[in-house]
Amino acid sequence: MPTLLDRLNRLADQDLPHYSIDIEGKVTRMVGLTMEAVGCAAALGDRCAVQVGKNRWVESEVVGFTGDLTYLMPTEAIDGISPGARVRPLREDSQMPVGPGLLGRVVNGLGRPLDGKGPIQAEESISLQGDIINPLQRKPISDTLDVGIKAINALMTVGKGQRLGLFAGSGVGKSMLLGMMTRFTEADITIVGLIGERGREVKEFIEQILGEEGLARSVVVASPADDSALMRLRAAVLTSRIAEYYRDQGKNVLLLMDSLTRYAQAQREIALSVGEPPATKGYPPSVFSKLPWLVERAGNGKEGGGSVTAFYTVLTEGDDQQDPIADASRAILDGHIVLSRRLAEEGHYPAIDIEASISRAMPHIVSDAHMQGAMRVKQLYSRYQQNRDLIAVGAYTKGSDPELDQAITLMPAINDFLRQPLNDSFNIDKSLEALVTAMTSVPAK
């Protein structure tokens, strides 16, 4: 008669079906927007569904843990949650439908349509967790990108695959400049991420600034200011992930994210809620590690592939260029365009401060003559600004400084060159022609 050990060995050799049992947990505590749960078998970054009321489940994400406690952050409002609410792990990854049917659509941070045009008709889907390209396998920045704005094309030329910051305070024409680039830039597809903006501005940007023509070749991911911190965080990641998908299809993509500061603030809310200590001006250390993780997803693909040229707006509170997020962003981006409140108040649009703005890729993608002309304009503009007060009060005597005399003579033409109407587009060739015209102009007597 076989022993118990023999019977167990025979069973071990058989191909028996395997059963997966999902172990549910329960909510034990809630502080602010963070839920504490026990008994939930989920890892950091996993998605869970939390029961709110009798028949409603709200998606949440694991953002931390301590011992047997799991910290969850919801993607939407959880009014009505009660102690002991069930927490069910979601085993499948977050998927975003993509394809030609995605163009012209407006979605939220979960990829769900916001425009009332019905479900997205897409042939495939992608995971939010994309692969990072080896930096040594990326194509170098070697080709110029026409953004349709003469001050940028001529003085801070952008390359395909470059990542730039648009540094501005509130009310200096940041959204208008983004809208111009959306309509004028020579890109196959435009991906726009509106992160943490006012709901009114989202609708205005889509209808008035982007317009039907711009929307037709764009995808808009919108997460207004009243969304949860996790939703805003996901919207920024989704924006980058959609851009990566089209880049992998061989497309030249323009990515506009407004704003990188709201992304950092969302991460700050999450980090502080799970107990991470604040560091610089209330920002925990994880914020400064998340910024390069997001920005590095843009750029050129592998040789023969597409590109993602990205513009990230950075809000400078009180026009402080030394704000921690502004300072960190400046260090990891390939250039920065600074908008000046003084110029905006003078009615000078776009209010680009050419003294404080720079494109780090420009010396490698333009001719020597183009580079020298751009540097000469900056030198004359800077010399005039340094002596502006003396000139205004009549304290400067003509002939004392020949270079300043030239700056005074050419300044009206340079200022006219730097201005551009909202609906006018200048390609790179026209931008350089306008620059030459400004530098060779003869003032009327």
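**Figure 1. Met96 of strand β7 and its partner in strand β9.** In this predicted model, Met96 has Ile126 of β9 as its bridge partner. Strand β7 covers residues 95-98, and strand β9 covers residues 124-127. The two strands run antiparallel and are joined by 4 bridges. Now follow the side chains along β7: Met96 and Val98 point to one face and are buried, while Gln95 and Pro97 point to the other face and are not buried. This is a handy pattern to know, as side chains in a regular strand alternate between the two faces of the sheet.

**Figure 2. The largest nonpolar core.** Here we look at a core of 60 residues, in which Ile152, Leu155 and Phe311 have the most contacts. Helix α13 (residues 402-418) supplies the largest share, with 8 residues. Because domain 2 (95-365) and domain 3 (370-440) both give residues to this core, it lies between them.

**Figure 3. A closer look at Phe311, and a second core.** Leaving aside residues up to four places away in sequence, Phe311 touches Val147, Val158, Leu164, Met181, Leu254, Leu255, Leu256, Met257 and Ile337. A second core, separate from the one in the previous legend, has 49 residues. Among its members are Val219, Val221, Ala264 and Val295.

**Figure 4. Helix α5 and the glycine that comes after it.** Helix α5 spans residues 229-248, 20 residues in total. From its first C-alpha to its last it reaches 29 Å, close to the 28 Å expected at 1.5 Å a residue. Of its 20 residues, 19 are buried, so α5 is largely enclosed by the rest of the structure. Just after the helix, have a look at Gly250, which takes a positive phi of about 90°.

**Figure 5. Aromatic pair Tyr245 and Tyr246.** The structure holds 2 aromatic pairs, and this view shows the pair formed by Tyr245 and Tyr246. Their ring centres are 5.0 Å apart, with 70° between the planes, and the arrangement is edge-to-face. Both tyrosines are buried.

**Figure 6. Aromatic pair Tyr283 and Phe288.** In this pair the ring centres are 6.2 Å apart and the planes meet at 65°, so the pair is edge-to-face; the cut-off for that label is an angle over 60 degrees. Tyr283 is buried, with a relative accessible area of 3%. Phe288 is partly exposed, with a relative accessible area of 26%.

Note on methods:
Residues are numbered from 1 along each chain as its sequence is written. This is a predicted model: local features need pLDDT of at least 70, side-chain atom pairs count only at pLDDT 80 or more; totals for chains, interfaces and linings use all residues. Side-chain values use heavy atoms; hydrogens and water are left out. A nonpolar core is a set of buried Ala, Val, Leu, Ile, Met, Phe, Trp, Tyr and Cys residues joined through side-chain atoms within 4.5 Å. Buried means under 20% relative accessible area, exposed over 50%, partly exposed in between (1.4 Å probe, protein chains only). Domain bounds come from an automatic or database domain assignment. Contact means heavy atoms within 4.5 Å. Two strands pair if DSSP finds at least two bridges between them. The expected span of a helix is 1.5 Å times one less than its number of residues. Rings of Phe, Tyr and Trp (its six-membered ring) pair if their centres lie within 6.5 Å; planes under 30 degrees apart count as stacked, over 60 as edge-to-face and the rest as tilted.
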